[in-house]
Amino acid sequence: MKRLQVEHAPHCSHEAKLVKLADKLYNLRDLNRCTPVGWTAERVQDYFIWASEVVKGLRGTNPALEEKLDQLFQQRNVHI
């Protein structure tokens, strides 16, 4: 399922890309605030890496959202 999001992201409509960007931003901010029970630091980092791969396919949709996501990725040392 995660691999499919990476593969399909570039082919979504503009509106769907906006929703995906906002959803990733919300989820990543939430992970920074409160790690889910049972999640290791490695699992959180893996989620950030995966989310950055999805965001790569959404680039060019909304510079403001992308900048906020880039800041989160940089804080986690995830290469973008």
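**View 1. Helix H2 packs against helix H4 in this predicted model.**
On the H2 side, the residues that touch H4 are Leu-18, Leu-21, Ala-22, Lys-24, Leu-25, Leu-28, Arg-29 and Asn-32. Over on H4, their partners are Leu-65, Glu-66, Lys-68, Leu-69, Leu-72, Phe-73 and Gln-75. Sort the residues in this contact by class and you get nine nonpolar, two polar and four charged. The axes of H2 and H4 come within 10 Å and cross at roughly 35 degrees. As for handedness, the H2 and H4 crossing is left-handed.

**View 2. Helix H2 also meets helix H3.**
Here H2 covers residues 14–33 and H3 covers residues 41–56. Their axes come within 11 Å, with a crossing angle of roughly 165 degrees. Angles over 145 degrees count as roughly antiparallel, so that label fits H2 and H3. This crossing is left-handed. To follow the contact by eye, look on H2 for Leu-21, Lys-24, Asn-27, Leu-28, Leu-31 and Asn-32. Then look on H3 for Val-44, Tyr-47, Phe-48, Trp-50, Ala-51, Val-54 and Val-55. The tally for H2 with H3 is 10 nonpolar residues, two polar and one charged.

**View 3. Ser-52 sits in helix H3.**
Is Ser-52 buried or exposed? Its relative accessible area is 3%, and buried means under 20%, so Ser-52 counts as buried. Who does Ser-52 touch, leaving aside its neighbours within four places in sequence? The answer is Phe-73, Val-78, His-79 and Ile-80. Phe-73 may ring a bell from View 1, where it is one of the H4 residues that meet H2.

**View 4. Asp-70 has its place in helix H4.**
That helix runs over residues 63–75. Asp-70 has a relative accessibility of 13%, which is why it counts as buried, given that the cut-off is under 20%. If you skip residues up to four places away in sequence, Asp-70 touches Arg-59 and Ile-80. Take a look at the pair Asp-70 and Ile-80: they are 10 residues apart along the chain, and their C-alpha atoms are 7.3 Å apart in space. Ile-80 turns up in View 3 too, as one of the contacts of Ser-52.

Technical notes
Residues are numbered from 1 along each chain as its sequence is written. This is a predicted model: local features need pLDDT of at least 70, side-chain atom pairs count only at pLDDT 80 or more; totals for chains, interfaces and linings use all residues. Side-chain values use heavy atoms; hydrogens and water are left out. Helices (H or I, at least four residues) and strands (E, at least two) are DSSP runs, numbered from the N terminus. Buried means under 20% relative accessible area, exposed over 50%, partly exposed in between (1.4 Å probe, protein chains only). Contact means heavy atoms within 4.5 Å. Axes are lines fitted to C-alpha atoms, for helices over the stretch in contact, and angles run from 0 to 180 degrees between N-to-C directions. Angles under 35 degrees count as roughly parallel, over 145 as roughly antiparallel, 65 to 115 as roughly perpendicular and the rest as oblique. A crossing is left-handed if the near helix is turned anticlockwise from the far one by less than a right angle, and right-handed if clockwise. Ala, Val, Leu, Ile, Met, Phe, Trp, Tyr, Cys and Pro count as nonpolar, Asp, Glu, Lys and Arg as charged, and the others, Gly among them, as polar.
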